[in-house]
Amino acid sequence: MQVAPPPGGAGGAAGPRVYQVWKGSNIFFLQGRFIFGPDVRSLFLTIFLIVAPASVFCALVARKLMDQFSDWGVSIMVIAVAFTIYDLFLLLLTSGRDPGIVPRSAHPPEPESSDGNLELGSNQTPQLRLPRIKDVTVNGITVKVKYCDTCMLYRPPRCSHCSICNNCVERFDHHCPWVGQCIGLRNYRFFYMFVFSTTLLCIYVFGFSWVCILKTKHDEQTNLWRAIGKTPASIASIVLIFYTFISVWFVGGLSVFHLYLMSTNQTTYENFRYRYDRRANPYNRGVVANFIEVFFTRIPPSKNNFRARVPREQGLQGRPVSGGFMSPNMGRTMGDIEVGRKAVAWGSEEAARAGLDDIEAGLSNDIVDEKDGMFGAASPDLARVLPPEGLEARAPVHSRRSSWGRRSGNWEMSPEVLALAAGVAESNRTGASGSGTEAGNR
């Protein structure tokens, strides 16, 4: 009688959660309930820049105004406190939630045949290629989507790979260091509400700081400059006036800029890279529809369950595909151009040199069979790619090359590597036959 294995695996222990084995650069809090970027420490600076002036305003300026306007002065304090709490709440919603991360693929997508009408022999395999860019149609306009080597998937339209968080993010706008998070599909609404509410808070503090100074000037029957130094509230007011005046240029300018982006249905990334004013914007549906899309449409649920258990992988070997072999590392390079790392190009001289060096190292330990001149004990790397008929069977020239033995988008051998291997094999045959003849003469 078979006994069912205990939940969580054969050993009875539950597997790790998704956030514990997350491959991105994110930082998690409260066991995966909150996700932040790797620069989450800057969030504390942002909180301080909001809370510190608001506290000074409430402790000195608003309290002074409560005494000066006894009938409605308390509302100044209440609105300031409520506005500050609301601003911090929007900041947490922006920085502590999934911005729209696209889950990484466990395997690269199926490669496509380079020529559908190619006639192949019984010992040949079709040429496999994985295009870097694909064309998709959005609202009747063709847009290009790129293959992400890090996430091993074709990015959806408007998706980009963040070099800081190391994730592909849907409707990627930018990575904001002030909130310590990417701004994307699922938090752009809260980001703009946070920036706009911060602008209103600056204007609120700026305005009532002037009211406090002017009221002190009126009560003391003095000029403006003497009124500034009369009371601690007046001194705090002039400091807050300068602080909020400088701050409103940043947050206010950012609010106006994103109003323009929303009205034209652009992201910051698209505005700086694609320049839709020079060509058609496939996402622009009109000013009203664009604002409705940002503020009144339902935010899609996260595609990642960070608290879920990681399922046990069923094997680590590459999966066979029609007409050839795909390695688990296929589609993965040393880095992604948008991640900020230098990747080895598929057809570059660096890849060819790397392939020559590796194949020479592999052939140095091979044993030549004197009877038929074939490789008798090929190296483990060569055994995976050389057919039993010998090295000459790999005659077709491939349209794309990669670095041999490295993380790349393909495992095919370049023509230079094949030519070198054929030359080494020929020299080994000649040397073996020469040594045999000399031994016979002796």
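Let me begin with what I will call an aromatic pair: two rings of Phe, Tyr or Trp, taking the six-membered ring for Trp, whose centres lie within 6.5 Å. The model in front of us is a predicted one, and in it Tyr 19, Trp 22, Phe 28 and Phe 306 form one aromatic cluster.

By this rule the count comes to 17 aromatic pairs. In one of them, the ring centres of Trp 22 and Phe 28 are 6.2 Å apart and the planes stand at 80°, which makes the pair edge-to-face, since planes over 60 degrees apart count as such. Trp 22 also pairs with Phe 306, again edge-to-face, with 5.2 Å from centre to centre and 75° between the planes. Trp 22 belongs to the segment before strand S1 (27–29), whereas Phe 306 sits in the loop between helix H7 (287–295) and strand S12 (320–321), so this pair ties together parts that are 284 residues apart in sequence. As for burial, Phe 28 is buried at a relative accessible area of 16%, and Phe 306 is buried at 7%.

Rings also take part in contacts of another kind, with arginine. Arg 158 lies over the face of Tyr 283, at 4.1 Å from the ring centre, and Arg 171 lies over the face of Tyr 188, at 5.2 Å from the ring centre.

Let me turn now to helix H2, residues 73–95. With 23 residues at 1.5 Å a residue, H2 should span 33 Å, and its end C-alpha atoms are 34 Å apart, which agrees. What do the buried residues of H2 pack against? Their partners are strand S2 (34–36), helix H1 (41–68), strand S11 (181–183) and helix H3 (188–220). Among the buried residues of H2 are Ile 76, Met 77, Ala 80, Leu 90 and Leu 91, and the list also includes Thr 84 and Asp 87. Ala 80 is 26 residues from Ala 54 in sequence, and the two are 7.3 Å apart in space, C-alpha to C-alpha. Ala 54 itself is in helix H1 and counts as buried, at 9% relative accessibility.

Finally, a word on the backbone in the loop between S1 and S2, where we find both Leu 30 and Gln 31. Most residues other than glycine have a negative phi. Leu 30, however, has a positive phi near 55°, and Gln 31, which is not a glycine either, has a positive phi of about 55°. Leu 30 counts as exposed at 55% relative accessibility, while Gln 31 is partly exposed, with a relative accessible area of 48%.

Notes
Residues numbered from 1 in each chain as written. Predicted model: local features only at pLDDT ≥ 70, side-chain atom pairs only at ≥ 80, totals over all residues. Heavy atoms only, no water. Helix = DSSP H or I, 4+ residues; strand = E, 2+ residues; numbered from the N terminus. Expected span 1.5 Å × (residues − 1). Buried < 20%, exposed > 50% of the residue type's maximum accessible area, 1.4 Å probe, protein only. Contact = heavy atoms within 4.5 Å. Phe/Tyr/Trp six-rings, centres within 6.5 Å; stacked < 30°, edge-to-face > 60°. Lys NZ or Arg CZ within 6 Å of the ring centre and 35° of its normal.
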